[in-house]
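Work through the three exercises below with the structure open. Try each task before reading its solution.

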2 protein chains.
Amino acid sequence: MVTKFGRFTVNGEDMTGKLASQKRVFHNNDDCPIRNVVAQIGDRWSILVLFSLVDEPDRFNSIKRRVEGISQKMLTQTLRDVEREGYVSRTVYPEVPARVEYALTDLGRELIKPLYGLVSWADQNHTTIKSCRDAYDRANA
Amino acid sequence: MVTKFGRFTVNGEDMTGKLASQKRVFHNNDDCPIRNVVAQIGDRWSILVLFSLVDEPDRFNSIKRRVEGISQKMLTQTLRDVEREGYVSRTVYPEVPARVEYALTDLGRELIKPLYGLVSWADQNHTTIKSCRDAYDRANA
DNA sequence: TGCTCTAGTTACCTTATGGTGACCAAGTTT
DNA sequence: AAACTTGGTCACCATAAGGTAACTAGAGCA
């Protein structure tokens, strides 16, 4: 059996059809790819920072100006995190004053593709979701 | 100009090409679809719970057994959240003892599609990411 | 000398998130 | 009557996440 989403692997295992049997257990430890990847980009700033580098590299203060509301501390922290994950590279140019350029790596560009699918969906559906929230809140007031 | 990801809309605005001009600002307020949607499912349990309902509806304690490590409190909270977003429906059957069935809504099933893209990517690339982390940690020890 | 730039770091504080364990109600079984 | 079932709620606590503001380095410029 193949679901409407096609082949379906999670935790490195082909789980196509296993959900249907109600036997599938979803692990939530360090080896779980879902948490391992999604937890890192599910924070307040990572996705915005990654998308700010989609078309070309950019430097620290320029990113800071473009990602509205991010503090210096959080931009540093977010950039370190996405650099550690391998999504972004950091290049220091020994100019005066120092110039530090951040760019998506190949891996980062690969990640942008599924991420873009999610972001587009969010963009197309967020008014629907808002009215769902309102309806829920009215029903549970 | 169209990016390699095709048309690109964020915040309801066609931003294709705007990134390239370095003019694009990423808002992070209540009207930002990215945060509005991603922040809700970027928590510790939502994605796992949503995927546990992909193939058929399931009831509270069965989900609890299948989503490893989730506490009763967090399952309740997560289910209320995804219900409020409109991704999941909650049906009480007046049996004895009470049976409560959770199922993906049409909207929830729509969300699963881009989410599945992300989860698959995570599954295929998490070993790469792990070695990126190790390399980063070695370089910055 | 003092002020400017970029790209940070650090200390401190507040809020958000999530975990534990006790408790609850309605009804059925022993 | 006591215990067990499902599907929760509630109070309490610990930690994580994130914001603010001050401070730093290295070099150029007035």
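**Exercise 1.** Determine why strand 5 of chain A counts as largely enclosed by the rest of the structure, and find its pairing partners.

Solution.
- Step 1. Locate strand 5 of chain A at residues 99-104. Helices (H or I, at least four residues) and strands (E, at least two) are DSSP runs, numbered from the N terminus.
- Step 2. Check burial. Buried means under 20% relative accessible area, exposed over 50%, and partly exposed in between, with a 1.4 Å probe and protein chains only. Five of the six residues in strand 5 of chain A are buried, so the strand is largely enclosed by the rest of the structure.
- Step 3. Find the partners. Two strands pair if DSSP finds at least two bridges between them. Strand 4 (residues 88-93) of chain A pairs with strand 5 of chain A in the antiparallel sense, over six bridges. One bridge links S89(A) with A103(A). Five residues form the hairpin connection from strand 4 to strand 5 of chain A.
- Step 4. Strand 3 (residues 58-59) of chain A also pairs antiparallel with strand 5 of chain A, over two bridges. Here D58(A) stands opposite Y102(A).

This is a predicted model: local features need pLDDT of at least 70, side-chain atom pairs count only at pLDDT 80 or more, and totals for chains, interfaces and linings use all residues. Residues are numbered from 1 along each chain as its sequence is written, chains are lettered from A and ligands numbered from 1 in the order in which they are written, and side-chain values use heavy atoms, with hydrogens and water left out.

**Exercise 2.** Decide whether R133(B) is buried or exposed, and list its contacts.

Solution.
- Step 1. Place R133(B) in helix 5 (residues 106-139) of chain B.
- Step 2. Read its relative accessible area: 11%, so R133(B) is buried.
- Step 3. List contacts (heavy atoms within 4.5 Å). Beyond neighbours within four places in sequence, R133(B) touches N36(A), Q40(A), R84(A) and E85(A).
- Step 4. Look for a polar contact, a pair of N or O atoms within 3.5 Å; within protein, one must be able to donate a hydrogen and the other to accept it, and residues adjacent in sequence count only if both atoms are side-chain atoms. The side chains of R133(B) and E85(A) make one at 2.7 Å.

**Exercise 3.** Find which polar atoms of K73(A) and Q72(B) approach DNA strand D, and which base atoms they face.

Solution.
- Step 1. For K73(A), a polar side-chain atom lies 2.3 Å from a base oxygen of DNA strand D.
- Step 2. For Q72(B), a polar side-chain atom lies 2.6 Å from a base nitrogen of DNA strand D.
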